[in-house]
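Welcome, and please open your viewer. We will walk from stop to stop, with something to select at each one.

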Amino acid sequence: MTSQVTAGVGANLAVSRRGTLAYVRTPIVHERSLAWISRSGSEAPTAVPVGRYVIPRMSRDGTQIAVVAEDNGNHDIYTWDLSRDSPNQTLMRLTFAPSSDTYPVWSRDGRIIHGSLRQGWQNLYRRSADRGGTEERLTEAPANQRPLARSPDDRQLIFEENTTDTAWNLMRLTLDGTATAEPLLRTKFDERNAALSPDGQWMAYESNETGPTEVFVRPFPNVTDAVFRISQTGGRSPVWSPAGGELFFVNGTTLDSVGVQFAPRFRYGSPVALFDSPSTFFDGRQANGSAYRMFDVSQDGQRFLVLKNAGAVDSAATRLSIVVVHNWFENAAIP
């Protein structure tokens, strides 16, 4: 993986009739480090070398990390053994296709499902994390698909799907040997970043159905039976504590926690801010505009695996920003 820093560029342009230009300035690309943050906000580094990382995911047993790394414009999945967390260890590369492989999701048996652009659309594939055996293609569809969460028994996978004429929807893939996919939650709004509770009975996700993106919870798999709005002032990238009793989500640069109770019925409390960390990438939209969760939770729910910018002096330089240029028609006129 390279160590270079490249300049940011502008994207997503809009021009008013009066000549006011607005565009989103993408952040300068820096390498990132993987670190642990406690519930109080104290930080501890890992031994993983710095790199252009996104989407860190812990294995079901908490012994390994899967992370997506970018090198020369291509994305691949690498793994790291936490039981040998030392500078002498090297990242093990898991995917080698000449296309982007992202969104790793672990199963209990050590296999990883991921999305790959190798056939033009981002469809779903599965392979063993020890690189044994052959890789298996799970879906073939003219749509972009991103795996998100597996049920505790590994028999069902939730993924998000987007086609050219629809918003992002949540889908369910049955992994019983047939790999049958069907809609799970489909509306005119975006439903994304689903996560399943430790007992597999509840699905948290984010949606813009009320305007700003908020976090909701529905029963799984009967998602139409009820819906609960968890966040009230904005929320993204939810994830359950593996230890149970808690749901975490991102609100700006703050990590929030909500206490939950599953039985005899679903109940939840008010969001509580655990800590604010502007230099931490909790959500992909803070880094490059992509909508994916950029952190994970330890097995005991007491620590968070996060990405920190390893190269910028000013953390604000890594954030997306909107630039407004007045009188752009006059300024851009060619003499």
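Start by selecting R293 and F295: R293 lies over the face of F295, at 5.9 Å from the ring centre. Keep in mind throughout that this is a predicted model.

**Stop 1: the largest cavity**

Keep R293 selected, because the next stop uses that residue again: what lines the largest cavity? Add I55, R57, Y103, P104, V105, P147, L148, N193, A194 and Y292 to R293, and you have the lining. About 90 Å³ of space lies inside this cavity, and a search of the whole structure finds two cavities of 30 Å³ or more.

Now colour the lining by class: eight residues are nonpolar, one is polar and two are charged. Which strands each supply at least two residues of the lining? They are β5 (53-58), β9, β13 (144-150) and β17 (191-196). Of these, β9 gives the most, with three residues.

**Stop 2: an open sheet of four strands**

Follow β9 away from the cavity lining. Strand β9 belongs to an open sheet of four strands, in the order β9-β10-β11-β12, with antiparallel pairing. Select 101-106 for β9 and 136-137 for β12: these are the edge strands, and each pairs on one side only.

Next, select residues 111-116 for β10 and 123-128 for β11. How many bridges join β10 and β11? There are six, in the antiparallel sense. For one contact to look at, pick G115, whose bridge partner in β11 is L124. In a regular strand, side chains alternate between the two faces of the sheet.

While you are here, select R118 and Y125. R118 lies over the face of Y125, at 4.3 Å from the ring centre.

Then move to R131, in the loop between β11 and β12. Its phi is near 70°, a positive value in a residue other than glycine. Most residues other than glycine have a negative phi. Is R131 buried or partly exposed? R131 is partly exposed, with a relative accessible area of 38%.

**Stop 3: a hairpin**

Select residues 236-240, which make up β21, and 246-251, which make up β22: the two strands pair in the antiparallel sense over three bridges. Five residues lie between the strands of this hairpin, where G244 takes a positive phi near 90°. Pick W240 and you will find L247 of β22 standing opposite.

Strand β21 is mostly covered, with four of its five residues buried. Now click on S237, which is found in β21. S237 has a positive phi of about 50° although it is not a glycine. With a relative accessibility of 0%, S237 counts as buried.

**Stop 4: aromatic rings**

Show the aromatic side chains. A search of the whole structure finds 13 aromatic pairs. One of them to select is Y205 with F216, a stacked pair with 5.8 Å from centre to centre and 25° between the planes. Y205 lies in strand β18 (residues 202-207) and F216 in strand β19, so this pair ties together parts that are 11 residues apart in sequence. Both rings belong to buried residues: Y205 has 0% relative accessibility, and F216 has a relative accessible area of 3%.

Now select F228 and F266. Their ring centres are 5.0 Å apart and the planes are at 45°, so the pair is tilted. This pair links distant parts of the chain, with F228 in strand β20 and F266 in the loop between β23 and β24, 38 residues apart. F228 counts as partly exposed at 23% relative accessibility, whereas F266 is buried at 6%.

Widen the selection to W202, F228, W240, F262, F266 and Y268: ring pairs link these residues into a cluster. You have already met W240, which stands opposite L247.

**Stop 5: two cis peptide bonds**

Most peptide bonds are trans. For the last stop, where can you find cis ones? Select F220 and P221 for one of them: the bond from F220 to P221 is cis, with omega near 10°. P221 is in the loop between β19 (214-219) and β20 (228-229).

Then select A263 and P264, where the peptide bond is also cis, with omega near 5°. P264 lies in the loop between β23 (254-261) and β24 (267-268).

Terms used. Residues are numbered from 1 along each chain as its sequence is written. This is a predicted model: local features need pLDDT of at least 70, side-chain atom pairs count only at pLDDT 80 or more; totals for chains, interfaces and linings use all residues. Side-chain values use heavy atoms; hydrogens and water are left out. Two strands pair if DSSP finds at least two bridges between them. Buried means under 20% relative accessible area, exposed over 50%, partly exposed in between (1.4 Å probe, protein chains only). On a 1 Å grid over the protein atoms alone, a cavity is a set of points where a 1.4 Å probe fits but cannot get out, and a pocket is an open set with protein on both sides within 12 Å along at least five of seven lines; lining residues have an atom within 4 Å of a point. Grid points are joined across faces, edges and corners, and a volume is the space filled by probe spheres set on the points. Ala, Val, Leu, Ile, Met, Phe, Trp, Tyr, Cys and Pro count as nonpolar, Asp, Glu, Lys and Arg as charged, and the others, Gly among them, as polar. Rings of Phe, Tyr and Trp (its six-membered ring) pair if their centres lie within 6.5 Å; planes under 30 degrees apart count as stacked, over 60 as edge-to-face and the rest as tilted. A charge sits over a ring if NZ of Lys or CZ of Arg is within 6 Å of the ring centre and within 35 degrees of the ring normal.
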